[in-house]
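Please open the model in your viewer and keep the selection panel at hand, since this tour moves from one pair of charged side chains to the next.

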Amino acid sequence: IPCVGLGETDMAAVDSRDNLLGISWVDSAWIPILNPGNVLDYFSERSNPFYDRTCNNEVVKMQRLSLEHLHNMTGLEYILLHAQEPILYIIRKQHRYSQTQVTPLADYYIIAGVVYQAPDLGSVINSRMLTAVHAVQSAFDEALSYCRYHPSKGYWWHFKDQEERDKVKPKSKKKEEPSSIFQRQRVDMLLLDIRQKFQPKYIQPKSGDKPVPVEQVKKEPEPTTETIKQEEKESAKNSQQSSSTKAPPEKRMRLQ
């Protein structure tokens, strides 16, 4: 399959054609005298970027023939499709194959002397779809900007109106917990698991004492309930005896 390359002039022509939907052209000298008889002459001005010099209109114009000779020619041509004086004129660009067979290529409308290219259906649908997708994407981006997340709280929405309300309301200082119940319980479980796996080899019974191996430390027997009751009874008897041995209060002389 042969490859066809485009030169610099062809690339410039393609770029200019692709950008024709976003430009307009006007010649203020023609606006007061514009009518259906000379609108094609106005459109065929050399400064008009929408006009193609290789069309049959240019050949007829150079030979000073009437526009009726266009029906007997084949190739690219421009015709006046619709006229609504004095403000609207529609010109069609088409390719003629015979006197009865033509293919429309593009339409141009002139409003108050300003020439625009009418967009085709594909360009209109593409533009509307891009506009809709941009609006949806902007909505998602804005919604995402209001989303907040914190490990202890989870997800929540934070809107700008809420910030204004918070500024108006007096702020009450809330003590934030350093960790949640779930985090504390989870940490305790992990520490207990680590302690069971890696038990200490030395233990310090009191502060300041030397660490002693765990094997040498003997557990002291816990006091039974009977010994606790006996100790309570003895402490009660001792308190009674101490109260009975106290001397009576001294009698003071009354002054008359």
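Does D193 count as buried, partly exposed or exposed? Select D193 in this predicted model, and you will be looking at a residue that counts as partly exposed, with 36% relative accessibility. Now add K197, which is exposed, with a relative accessible area of 60%. The two residues form a salt bridge in which the closest N and O atoms are 3.8 Å apart. Both belong to helix α6, residues 181-197, where a spacing of 4 residues separates D193 and K197 by about one helical turn.

Next, select E77 together with R96, a pair that forms a salt bridge whose closest N and O atoms lie 2.9 Å apart. Because E77 lies in strand β2 (residues 75-84) and R96 in strand β3 (residues 88-96), this pair ties together parts that are 19 residues apart in sequence. E77 counts as buried at 0% relative accessibility, and R96 also counts as buried, at 5%.

For the last stop, select R92 and D107, which form a salt bridge with their closest N and O atoms 3.0 Å apart. Since R92 lies in strand β3 and D107 in strand β4 (residues 102-111), the pair ties together parts that are 15 residues apart in sequence. R92 is partly exposed, with a relative accessible area of 22%, and D107 counts as partly exposed too, at 25% relative accessibility.

With these stops the tour is complete, as the count comes to 3 salt bridges.

Conventions. Residues are numbered from 1 along each chain as its sequence is written. This is a predicted model: local features need pLDDT of at least 70, side-chain atom pairs count only at pLDDT 80 or more; totals for chains, interfaces and linings use all residues. Side-chain values use heavy atoms; hydrogens and water are left out. A salt bridge is a side-chain nitrogen of Lys or Arg within 4 Å of a carboxyl oxygen of Asp or Glu. Helices (H or I, at least four residues) and strands (E, at least two) are DSSP runs, numbered from the N terminus. Buried means under 20% relative accessible area, exposed over 50%, partly exposed in between (1.4 Å probe, protein chains only).
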